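User: I'd like to go through this one by asking why things get the labels they get. Can you set the values against the cut-offs for me?

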Amino acid sequence: MKKYLINLNGANNITKKTIGNKAYYVNLLEKIKVKTPHSYAISSEFLMDLIGSDFFDVNSDSTNLGNLLQKKLIDSKYNPLWNDLFNEIEDAYGVNKRIAIRSTSLNEDNTDTASAGNYTTVLNVKMNHFDIVSGVMRVFESYIKYKYTWKEKHVIFPVLIQEYIDLKYNGVAFSRNPLTMENEFILEIGKSNKSVVNGEINYVSIYSIDNEQVEETQEEKQFKEDNEYKDKIQELIYEVEELAGFSKTGVDLEWGLSQDGQLFVFQIRAITTKPLFFERAQKEKCFFIDLDSDEVHKMGFPKFQKGLISKQWKKRHWMKQILRNAGINRDYRLGFLVFDKVRASEVTIQSEIDRIFSSQELLLIFETQDGKKQNKIINRSEFSTSIDSIAMLGGISIVWVTEFHKPILSGYSKILNQNIIIEYIVGDLIGLKNEVINYMSEVILSVNGIKIHECISEQKIQYSFDQTNNSVRVDYYEPVPKISNEHLNQIRDITTTLDIEYRGVVVEWVLTDRGVLVYDMSDDKSVINDNYQTIEGYRVISTGSLSGNIIELDEILFSKLAMQNKTLVSVVPSVNEMENVENNSILKELEMKISTVSNPILLAPYPDISLFPLLNKVSGFIFKSGSVLGHLSIHLRERKVPAIILDERKIAKDTIDLII
């Protein structure tokens, strides 16, 4: 009977406090009949026997407990207990096997924080005394160096041992999109034992929940042709999500395909990164965010809402800024109401709407539970009773809400040959956009507001709204009203102010009971220059505003910095805790360079975990290639640091201003 090794392939009645989170989930995988490498946990009892069971009691008042513990470990190198442990491991695996020695702490693989790569993993360890003792010691030391809360949890120092599998392919799979919480199967594939978690991997494929393919690479195609394992991994991950208790968070699964075609799962954890809209809704139950707020880009909204933002924000944001800077308040409020549909009461939701909006009617745009887009005009007082059909993500619903004022007149205006051309109709111009309009009334003003020309048409039809606020086409028999001088001056002020910034802009406006309001403007790219760069085809690691000055990390320096991870997969040291003087000097050199520019954006070859100490030093990251599911990528999302992967595309400028 083994004293220190706990066999995870069939062990019962063990808890996270006994073997740590990672080993606990390996044991859980075995219980639900998922194939894992032959795995054991070194119990915390080994460390306590090694250093003495009274160590923590004797030193409980020390302010330097970590250093004392590390010294005690070094002094224990020749303790005969190491022979006992080695003999147990050799007996468990055999003399010719190689193993992986991994951390399994209570501080990693939690539902809120993954701490991915914070502790040491040593791969391909030979079955000899020196290598095994060195590997276990490295894991112990990483617990101490990364400020593991050993003072409170000193009995929880287990280590995970797994049979080392020589892999043909390996990778990471997510059951959900970590940026939006949407149900998507995301698969990354590599051809080495550590390229995925290291961040190097370039082979990525993304599938939606209904198996509709979003992206596929040539390498992924070859993987399917050679092995046809993609469907098995997808089926497996959703089975694990359900049976292992990850239905609320989704599951992050590390897998490998052996040379003889066996599919192994090495570990699972919750997808810890939740988009900001989700976190805020869970905390506040209900909140509203303006479309023209910069914060709207940090919310991590799903595709449906992102589509609305990308279509409207660039135009409306700068338009409102220009008009308000000129003292013109001729716009209307719009944005997203986000609420926890289970925990927020109707009273809470209605109160938030009444606090934000004063108009009697609102226009809602949302995705329904069956995935369809719906537009709806409602009375403001009926909002909380009008949202039953809105889709939910993890219990959270999002709806686009806009002030709605029924248009009396609506039209266009622009400056042409130093005159202001105004064309308009009675009713709602939006309803007529798909029709040929040959009956618009026209007014021409000088830039000083003098009326030069006026032609009132004989309009025969209009689009209006019925009693249930549906847009309807009706006959029109009344004379078309003239625009008052007051309203003409409002249109003139809006048009001339916007034209100063963007020559030739076409303004779409409506005349309501509030006066003239700006509705939209030309999206002609020759007229409106985007304030934000677009880089087609990049992959997103973490959303936000990627804005600042680009600093490129020298390839040689990066290689030196990343070298430790080629030997030890995923050690995350802080700057002060790095033992290697050369690596420390590289980080210091980088920090000095970063400190010389404002809003630094670091451009690096790929998201290697060795860049972790720089996360709070820069405004964002750009990577030339790499993994969106690797260890550093998880940290970037958890810390809300914006980052993209170019996939070998080029950045032409030394600065970037990109909404992702």
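User: How many salt bridges are there by the rule, and what makes a pair count as one?

Analyst: The count comes to 31 salt bridges. A pair qualifies when a side-chain nitrogen of Lys or Arg is within 4 Å of a carboxyl oxygen of Asp or Glu. Keep in mind that this is a predicted model, where local features need pLDDT of at least 70, side-chain atom pairs count only at pLDDT 80 or more, and totals for chains, interfaces and linings use all residues. Side-chain values use heavy atoms, with hydrogens and water left out, and residues are numbered from 1 along each chain as its sequence is written.

User: What makes Arg 269 and Asp 109 a salt bridge?

Analyst: Their side chains meet at 2.6 Å, N to O, and the limit is 4 Å, so the label fits. The pair links distant parts of the chain, 160 residues apart: Arg 269 sits in strand E11 (residues 263-270) and Asp 109 in the loop between strand E3 (99-103) and strand E4 (121-125). Helices (H or I, at least four residues) and strands (E, at least two) are DSSP runs, numbered from the N terminus. Both Arg 269 and Asp 109 are buried, as in under 20% relative accessible area, with exposed being over 50% and partly exposed in between (1.4 Å probe, protein chains only).

User: Why is Glu 254 with Arg 269 called a salt bridge?

Analyst: The closest N and O atoms are 3.9 Å apart, which is within 4 Å, so the pair counts. Glu 254 is in strand E10 (residues 251-258), 15 residues from Arg 269 in strand E11. Glu 254 is buried too.

User: Glu 352 and Arg 355 also pair up; which of them is buried and which is exposed, and how do you know that?

Analyst: Their salt bridge is 2.8 Å, N to O, and both lie in helix H13, three residues apart, about one turn of the helix. Glu 352 has 14% relative accessibility, so it counts as buried. Arg 355 has a relative accessible area of 57%, so it is exposed.

User: Which residues of H13 are buried, and why are they said to line one face?

Analyst: H13 (residues 346-356) has Ile 349, Gln 350, Glu 352, Ile 353 and Ile 356 as its buried residues. Down the axis of H13 they fall within an arc of 160°, so they line one face. That arc is taken over the directions from the helix axis to the C-beta atoms. The face turned away from the buried side carries the exposed residues Val 347 and Arg 355. What covers the buried residues includes strand E12 (286-290) and strand E14 (361-367).

User: Why is H5 called roughly perpendicular to H6?

Analyst: Helix H5 (residues 81-93) and helix H6 (residues 129-145) pack at about 105°, with their axes 10 Å apart. Angles of 65 to 115 degrees count as roughly perpendicular, under 35 as roughly parallel, over 145 as roughly antiparallel and the rest as oblique, so 105° gets that label. Axes are lines fitted to C-alpha atoms, for helices over the stretch in contact, and angles run from 0 to 180 degrees between N-to-C directions.

User: And what makes H4 roughly antiparallel to H6?

Analyst: The axes of helix H4 (residues 65-75) and H6 come within 10 Å and cross at roughly 170°, which makes H4 roughly antiparallel to H6. In contact terms (heavy atoms within 4.5 Å), residues including Leu 69 and Leu 73 in H4 meet residues including Met 137 and Phe 140 in H6.
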